[in-house]
Each structure stands twice: as C-alpha cells, then as structure tokens.
Amino acid sequence: MTWWWRFTGGRVSRMDRATRQEGTWAAGGALLTGALSSIPYAVGYLNQSPDTVFIGAAYDWEDYYSHLAKMQQGAQGVWQYRILFTPEDHPGAYINVFYVALGHLAGALGLPSSLVYHLARLLCAKVLLLVVYKFVTLFVSDRGTRRVAYLLACFSSGLGWLVLLITRSYTLRGITPVDFWFIEMYTFFTVLTFPHTCLALSAHLLALTWMVRLLGGKRGWRTWLAAAGATLTLVIIHPYGLLSLDASLILYWLYRWIHDRGTAMRCLPWLVGFVLVPLPLVIYSYRAISSNPVFREWQAQSYTLSPRPVHYLLGYGLVLALAVWGGVQILREQSDPAIVLALWPVSIAPLLYLPLIFHLQRRMIEGAHVPLSIMAAIGLNRGLLPATRRLRLTGWLARWGYPRHRFRRLLGRFILAFTTPSTWYLLVSLSLAAASGYGPLYHSRSEVEAVLWLGEHTQPQETVLSSYEIGGYIPARIGHRVFWGHWAESIRLSQKRTEAQAFYSASAEFDRLKFLDRYGIAYVFYGPRERGMGGFDPAAASYLEPTFQHGDVVVYEVIWEEGA
C-alpha cells in the first residue's frame, strides 16, 4: 500500500505500523465490496444453460448495452462515437471516450467486451474505494471514526427497506424508493454497476483533495498539476461533475478568504486556473452535441429529473441525520479543512432542482454519499455515542456490571447495521432475479446465434429491425446499427415504438415497405419476442427473404425489386 500513499500525497517515511495496517484494512474492505457486488453476475453466469445465455448485467441492462455498444465501436478501430440505437445517419464525435478506449483495449487483447467491462468495473471500483479511504484520512484523524466513515461509504443506504415493510408497497408517492434504483446516490450501487462512474468519482475526490490542500496554502505546482489532471479525467467522463466540484471549492475558498484573506488571495490564481483548465473540453463536448441533430435529440430526451425532496431525505435516512449532527459540529468548531464536507452537499442542494440544467438535476448528487458518510461517522462517534453517557439506561446497565464502553460499542454497531438493509435487499433481489432466469437478463441460444450471424455476414451500418430487447442486444454484442433499443439513444422513441408495433402487428393498413425504405432497414429479426408483438408473418411477405434460421429465430433480408 505504500505506493498508494505516495500517489495520493502521503508521506510513507512517516507511516507507522498502525497506518500501514490501516491501509491494508482499507484494501481488504475494497476487495470485499467488489466481491459482494459481483455476486449477482456470478449467479447469472452460473445459471446459464445450453438454451439460455446471460447478458452480463444484473441491473440497468439498457445502459449496460449502451456501454458495450461504445466498446464495440472501439474494438472495430473507431474513436469517434456514433449512436447505434437509432437508424438516422449522423457524424461521430470524440465523446464517451472512456468506453471507446476500453473497446480498443478489448480488441487489442482479443477479449470479449463484456469480460473487459467487468474487469474494468472491479479495477475502477478498487481505485474508487481506496481513494475514498484516503479522502477520509484528510478530514479524520481518529482511526475508529475513519473506519466507521469508510464502512458507511461502502455499504450504507437509506430507509427504503423500512418503507417496504411499513407500506407493503414498492412505491412511495408514485415512485420506487430511491435505495433500489438511484445509482448515483450510493457508493455500493455505483461499484455494482458502472466502471466509468467509479473512475469519475475517483477523479472528483482526488481533485477535491489536492485543491483543498492547495487552497490551505500547503503545496504548489505538483499538487495543482495533479488536481488539473484529475479534473480533466472527470470532464472526459462526466462533464457535469464540474458543477458540484467547482461550486464546493469556490465556497471553500470564500470560507478561507473570510478567515485568512492573505492566504486566500495568494491561492486564488490556483483556483482560477483549476476552473479554467477543463473548459476547452467542456466547450468541445457542448458544440459536438449541440451541432449534431441526432446527438441533440438524444440529450433532449435524456431526462434525469430529481425526485421530491422526501425521497432524498429517506434515501439517505439515518446517514443524513447523523451527517447533520456531524456537520453542525464541524461548523461550530470551524474545523478546517473538514468544513468542505459540509460545503459539498450545500453547494449541490440548489443544483438538484435548478431549471437551467433540468435534464441533469439528479446527476448532481453523484459522490455526495462520501462526505455525508464522513460527517455521519463524526456525528456518531463524536456526538451520539458520547451523549449516551447521560442515558439512564447506560447507568442502569453499568450498575448491573455491563460497562459503559461496551454498551456504546454495541450501540454503534447496531446503528451501522441499521444503515445497510437496503443494500442487502438490493443485492439479494438482484441475485434472485438472476437465479430465476428473469427475462431481460437472458437471451435464448437461438437469438444469440442469429445475432452472431448478423455480425459475421452483414455490415455495421445496415440497420436491423427487431423487438426492443433484441434491439438493445445487437449493438452491444456485434456493434451493428438497429432501429431502436435504448430509452435515450433511440431518437423519438415513442414514435419508433408505435411504428415497430405496427410493423409486427397483423394490421394490413400499415405500409411496411414504405416504413422499411424510410429508415433504410436492411434486415428484419423474427423470434419469440417479435412474435409476441403481433401476428405479422414475414414468411408471407414477398419483399422479405429468409437468410438465416436457428431454432425459432429467423433473420430476413429486405429485398427491393428493380425500380422500386
């Protein structure tokens, strides 16, 4: 672990044995978290049969397909990203570079994209959790409090499980409790799903760590360059993350200016330079999207609106309550640099409901779980548990021979456990879904063989029409373009859903030839999912010629008569 301490700014020469053990403990926690997050995937792969194939996702398979589709483009030697889930032609751009680069790596190694994806997920998860622990050490000197903060960051969630028990319903005010779907709110959920989010959050925490040190007047150019590199990494993956990062740093600089104007003014050029460095990449991304009609429509329908405030309150639950206690203590003591822990949530609160970025509102919460966990650990170990000394129950137990310190330790462990049930519920439910053969997580062997045939015998730009589920799988598995298949990247999705339903229905009024011609569809996929969409029989259509069949799946090529 000594290399890690050097990389994140520690002084290895002064590390005592306890600190080394602490780093080893944190690394073990990271490995455990990664292993637990992999259980649903292991169940899915072990549950495969000769007739079914696990897709490789346990949750949010649509975005998983999107990431693999980007990797497929990279594996084909492409760097400029194009959307494969819609038939409209459009130029590519240097966005979503993380997955495109990951695809280049998969192609160079000759490994399946899904395997490289999960290896990247585990690697980025370990990096994130080690960064989280190093971030904790910046603000907390007590080892016990550090460990509590780390455990909360790794495993805590909200009170969604309690909502399920009390209401016996999977909805609260019209939506499912956020514990079970809001990936950005929780570190464990992030580790379980997406490698790019793990890496973006790592960059966010590192940039904040180095800039807090810099604004405190402790270091110079090396620290600034490291922070600049981290923020460039963040903007390549999640440009919107700059809003919360810069906002919290500006508030921290103002705090420093109020208390030490001389040091704050000397550090102002560092802050200004840090804010300006990533702007060229932000401007490029904005222009690449806004000047491209397809990208523009993709962004327009990528709504990620914030739920009502009550969902955030319940979503962090006991962690939030303890964090408020810890935050008040930090503010009261004017503890520097821990003050930035309170400034981060304060800076993003208005962004969660800001109309100017209405389609990115809830994305602003990304990473807030970490400072909340640290403040919650402070609130628990320096607030709630010491307060139990005044409880009558504590005194009564002490008179009966149960030491006060043992009672506080037991209570602390109980509170920690009380913050985790939603995490375990999520993990168990996803594992059970994978074990039960839940439909979207599996494809039949015939469907897979048909998709692989398309990959070998057709061109990537030849559009394939299929059901929505197969439309998501084709770009992810072979990198070919489809008519529809993603909630945000299939342009005008509601219209496409209506047209696809009409095509596969038995309706004689729908002009199928005109539809195929308008979207340039070259192949029609026909299997059990497509049969379930209606009574259309492609074998009876003179303009469709069967070119591949495996089991109950047939691939038809669209044949155009001369002069048509």
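Select R492 to begin: in this predicted model, the residue is partly exposed, with a relative accessible area of 33%. R492 sits in the loop between helix 23 (468–478) and helix 24. Its backbone deserves a check in the torsion display, since R492 is not a glycine and yet has a positive phi of about 50 degrees.

Move next into helix 24, which covers residues 493–504, and select Q501 there. With a relative accessibility of 36%, Q501 also counts as partly exposed. To gain a sense of scale, draw a distance from the C-alpha atom of Q501 to that of L314: the two are 187 residues apart along the chain and 39 Å apart in space.

**The chain as a whole**

Zoom out to the full chain, coloured by secondary structure; 26 helices and six strands should appear. The C-alpha trace spans about 90 × 60 × 45 Å along its principal axes. The radius of gyration is 26 Å, which agrees with the value near 24 Å that a compact globule of 564 residues would have. Of these 564 residues, 55% are buried. Among contacts with a separation of 6 or more, 73% are made by residues 24 or more positions apart.

A surface representation shows about 24800 Å² of exposed area, 61% of it supplied by carbon and sulfur atoms. If charges are displayed, there are 49 positive and 34 negative ones, and their mean positions lie 24 Å apart.

**Strands 3 to 6**

Select strand 4, residues 521–526. Six of its six residues are buried, so strand 4 is largely enclosed by the rest of the structure. On one pairing, strand 4 meets strand 3 (residues 463–465) in the parallel sense, over three bridges. Show L465 here, which stands opposite V524 in strand 4.

Strand 4 also pairs with strand 6, this time antiparallel and through four bridges. Two residue pairs mark this register: Y526 stands opposite V554, and Y523 stands opposite E557.

Now select strand 6 itself, residues 553–558; five of its six residues are buried, so this strand too is largely enclosed by the rest of the structure. Add strand 5 (residues 544–550), which pairs with strand 6 in the antiparallel sense over six bridges. At one of these positions, H550 has V553 as its bridge partner. Two residues lie between the strands of this hairpin, and G551 takes a positive phi near 60 degrees. When viewing the side chains, recall that in a regular strand they alternate between the two faces of the sheet.

**Helix 17 and the loop before it**

Select the loop between helix 16 and helix 17, where Q334 is placed. Q334 has a positive phi of about 50 degrees, although it is not a glycine. At 44% relative accessibility, Q334 counts as partly exposed. P337 belongs to the loop between helix 16 and helix 17 as well. Inspect the peptide bond from D336 to P337: it is cis, with omega near 15 degrees.

Continue to helix 17, residues 339–348, in which nine of the ten residues are buried, so the helix is largely enclosed by the rest of the structure. The buried residues are I339, V340, L341, A342, L343, W344, P345, S347 and I348. To see what covers them, show helix 6 (113–139), helix 10 (195–215), helix 12 (241–259), helix 16 (309–333) and helix 18 (369–387), which are included in that cover.

Within helix 12, select S244. S244 counts as buried at 3% relative accessibility. Leaving aside residues up to four places away in sequence, S244 touches H204, W344, S347, I348, L351 and M364.

**Last stop: D51**

Finish at D51, in the loop between helix 3 (39–46) and strand 1 (52–54). Is D51 buried or exposed? At 57% relative accessibility, D51 counts as exposed. Beyond residues up to four places away in sequence, D51 touches H443, S444 and R445. A final distance, C-alpha to C-alpha, may be drawn from D51 to Q301: these residues are 250 apart in sequence and 36 Å apart in space.

Methods: Residues numbered from 1 in each chain as written. Predicted model: local features only at pLDDT ≥ 70, side-chain atom pairs only at ≥ 80, totals over all residues. Heavy atoms only, no water. Rg over C-alpha atoms; globule rule 2.2 N^0.38 Å. Buried < 20%, exposed > 50% of the residue type's maximum accessible area, 1.4 Å probe, protein only. Contact = heavy atoms within 4.5 Å. Areas by Shrake-Rupley, 256 points an atom, 1.4 Å probe, with all protein chains shown as cover. Lys, Arg positive; Asp, Glu negative; His and termini not counted. Charge placed at Lys NZ, Arg CZ, Asp CG, Glu CD. Pairing = 2+ DSSP bridges.
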